[in-house]
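Please find below some notes on the model, set out as numbered points. They are meant to be read beside the coordinates.

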Amino acid sequence: MSHFTKPAEGSWTEHFPDLGTEPVDYTDSIDPEFYEAERNAIFKRTWLNVGRVERLPRTGSYFTRELACLGTSLIIVKGRDGVIRALHNVCRHRGNKLVWNDFPNEETSGSCRQFACKYHAWRYDLDGKLSYVQQEGEFFDLDKQEYGLVSVRCEVWEGFIFINLDDNARPLREYLGKYAEGIEGYPFHEMTEVYSYRAEIGSNWKLFIDAFAEFYHAPVLHQKQAVKDEADKLMSTGFEALHYDLQSPHSMISSWGGMSPPKDLAMVKPIERVLRSGLFGPWDRPDIEGLDPLPPGINPAGAKPWGVDEFEIFPNMSLLFWAPGWYLTYHYWPTAVDKHIFEANLYFVPPKNTRERLAQELAAVTFKEYALQDANTLEATQTMLATRTVTDFPLCDQEILLRHLHKVVKDKVQEYREENNVHATN
Amino acid sequence: MSTLPTEFADLEPYADWALATEAERYAKRLASSMPQMQEFYDVAFGRLEDAITYCDKFDLDDLPDDARSLLHLMQSLVMVSFPVEVWKQPRVPDSGAAWAELIREPVV
């Protein structure tokens, strides 16, 4: 029996008839050829979020991104004109990586007046223009204007910096579509207290999205995290979301969340009772503008027991809004068919005192406890998918976002293969 | 040498838990036995509310050194709360080889 109303068709999945209801083929997560196609069909021509504007506070602030899925390294930098740009991290002289510290394959960040190559001291302005060539007279007809750093499209939405290798892609805001419109106005700029996690995960990137895009697993995998009576209750009830929506290629789930604060303090652990915080964040909402009312796209069902919305921004970003007034992002950066780098960023309003600081500390610590359990399950899944003992898997109605993700990815790869006359061998 | 405010002399035996970064706190958690963490938890948890009241007499961005150490120690209390209250072991169960690093954090 449903606890929350489903669409008239009887299920969320059937409300979107293109999705079908049959078992889903997971070869897309184990086939190296499919992964190579994904890189071209998706990652090299889709808007990808590489960070937030708060990481670039001043003129000359920069950070680098090592993006194996694009096969490149990018410099993201704030120019003298205040514009944020993305530049390929390659010196125009002989191809040395321009910005790095100690280890060329590790990301770095900082602040500078210009970029100088470690190899022959060629220098570039913050907007990428070549400004100085060592022993310029030794070169032949070198026009410095033609040797600036190669730029990449870079656009900012609500403080989120996106890049796109495809010069013909439609503008970012149009790509983000209806969800962007519904979220705009959220006080992202007030939430500058950040905890950034990074993990190398032994699974296909889509499997971690799968893990976070359904909460059907929560009462089971994480049952030890709740006190016993609560865990038993969650297990027997199972999980149902309040609302699902698809704005292909993006999607979202809206869920209840009764822990912030809980109805009964006996439901939570002793430290949570004292610090008034937990997995769903500090229970006391920060006193800032923009959280009440929330922008109309958040809690779209207008549900009273609402706890969290998770937006899947295709292809590899999840954006979560929590009822007590904080937000969280996940990014999944593939490095191979069976590996990816997972990043999570928790964003809070800066604490005003020790009490608030410790409440945020508990939320961040709790997040890591859950994430480690989730991450380990993925390696186990990847290993068994790779055996190809079973290829097709039944997904339930609470796993609609997974069904949608795999369909979108397969459709885009298929489209790319048709455009380029590439034939799959698997 | 005392590192904590005099009102918290009872926490002095656990002053080695006053660690500024998550990486240090997590490493100490993994390197500790459950009886060690239980003992620290039992004493520190009883003083948590007092510690918050004490630190909140100061501006969070301008804590005296001893108050900052006290806050660091209470951050370690948060760190050991999962092993003590839930897991009954230092590591997250079923986490195998999974590892996550906190690469940017607000350090007090």
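The points below go from the overall fold to single residues.

1. Basis. This is a predicted model, in which local features need pLDDT of at least 70, side-chain atom pairs count only at pLDDT 80 or more, and totals for chains, interfaces and linings use all residues. Residues are numbered from 1 along each chain as its sequence is written, chains are lettered from A and ligands numbered from 1 in the order in which they are written, and side-chain values use heavy atoms, with hydrogens and water left out.

2. Overall form of chain A. The chain has nine helices and 19 strands; helices (H or I, at least four residues) and strands (E, at least two) are DSSP runs, numbered from the N terminus. Chain A has a radius of gyration of 23 Å, close to the 22 Å that the globule rule gives for 426 residues, so it is as compact as a globular protein of that length. The radius is taken over C-alpha atoms, and the rule is 2.2 Å times the number of residues to the power 0.38. Along the principal axes, the C-alpha atoms of chain A fill a box of roughly 80 × 60 × 35 Å.

3. Burial and contact range. Of the 426 residues in chain A, 55% count as buried. Buried means under 20% relative accessible area, exposed over 50%, and partly exposed in between (1.4 Å probe, protein chains only). Among contacts (heavy atoms within 4.5 Å) in chain A between residues at least 6 apart in sequence, 65% join residues at least 24 apart.

4. Helix 3 of chain A. This helix spans residues 172-183, and its buried residues are Leu172(A), Tyr175(A), Leu176(A), Tyr179(A), Ala180(A), Gly182(A) and Ile183(A). They pack against strand 10 (151-157), strand 11 (160-164), strand 13 (243-247), strand 14 (250-256), strand 15 and strand 16 of chain A. Gly185(A), with a positive phi near 100°, follows the helix.

5. Helix 4 of chain A. Eight of the eight residues of this helix are buried, so helix 4 is largely enclosed by the rest of the structure. Phe212(A) belongs to helix 4 (residues 205-212) and is buried at a relative accessible area of 8%. Which residues does Phe212(A) touch, not counting those up to four places away in sequence? They are Glu310(A), Tyr330(A), Tyr332(A), Phe342(A) and Asp374(A). The C-alpha atoms of Phe212(A) and Ser318(A) are separated by 8.6 Å, with these positions 106 residues apart along the chain.

6. Helix packing between chains A and B. Helix 8 (residues 354-386) of chain A packs with helix 2 (residues 34-55) of chain B at an angle of about 130°, the axes being 8 Å apart. This makes helix 8 of chain A oblique to helix 2 of chain B. Angles under 35 degrees count as roughly parallel, over 145 as roughly antiparallel, 65 to 115 as roughly perpendicular and the rest as oblique. Axes are lines fitted to C-alpha atoms, for helices over the stretch in contact, and angles run from 0 to 180 degrees between N-to-C directions. Thr354(A), Arg355(A) and Leu358(A) of helix 8 meet Leu48(B), Glu49(B), Ile52(B) and Cys55(B) of helix 2 in this contact. By class, the contact has four nonpolar, one polar and two charged residues.

7. Cysteines. With a disulfide defined as a pair of cysteine sulfur atoms within 2.5 Å, the count is zero over all chains. Cys69(A) is in no disulfide, and the nearest cysteine sulfur, that of Cys154(A), is 16 Å away. Cys91(A) is also in no disulfide; here the nearest cysteine sulfur, that of Cys117(A), is 3.9 Å away. Cys69(A) is buried at 1% relative accessibility, and Cys91(A) is buried at 4%.

8. Cis peptide bonds. The bond from Asp292(A) to Pro293(A) is cis, with omega near 0°. Pro293(A) sits in the loop between helix 7 (270-275) and strand 15 (306-313) of chain A. Phe314(A) and Pro315(A) are joined by a cis peptide bond with omega about 5°, and Pro315(A) is in the loop between strand 15 and strand 16 (317-322).

9. Positive phi outside glycine. Asp102(A) is not a glycine but has a positive phi of about 60°. This residue is in the loop between strand 5 (84-88) and strand 6 (109-111) of chain A and is exposed, at 67% relative accessibility. Ala121(A) has a positive phi near 65° and lies in the loop between strand 7 (115-116) and strand 8 (123-124) of chain A. At 28% relative accessibility, Ala121(A) is partly exposed.

Methods: Nonpolar A, V, L, I, M, F, W, Y, C, P; charged D, E, K, R; others polar.
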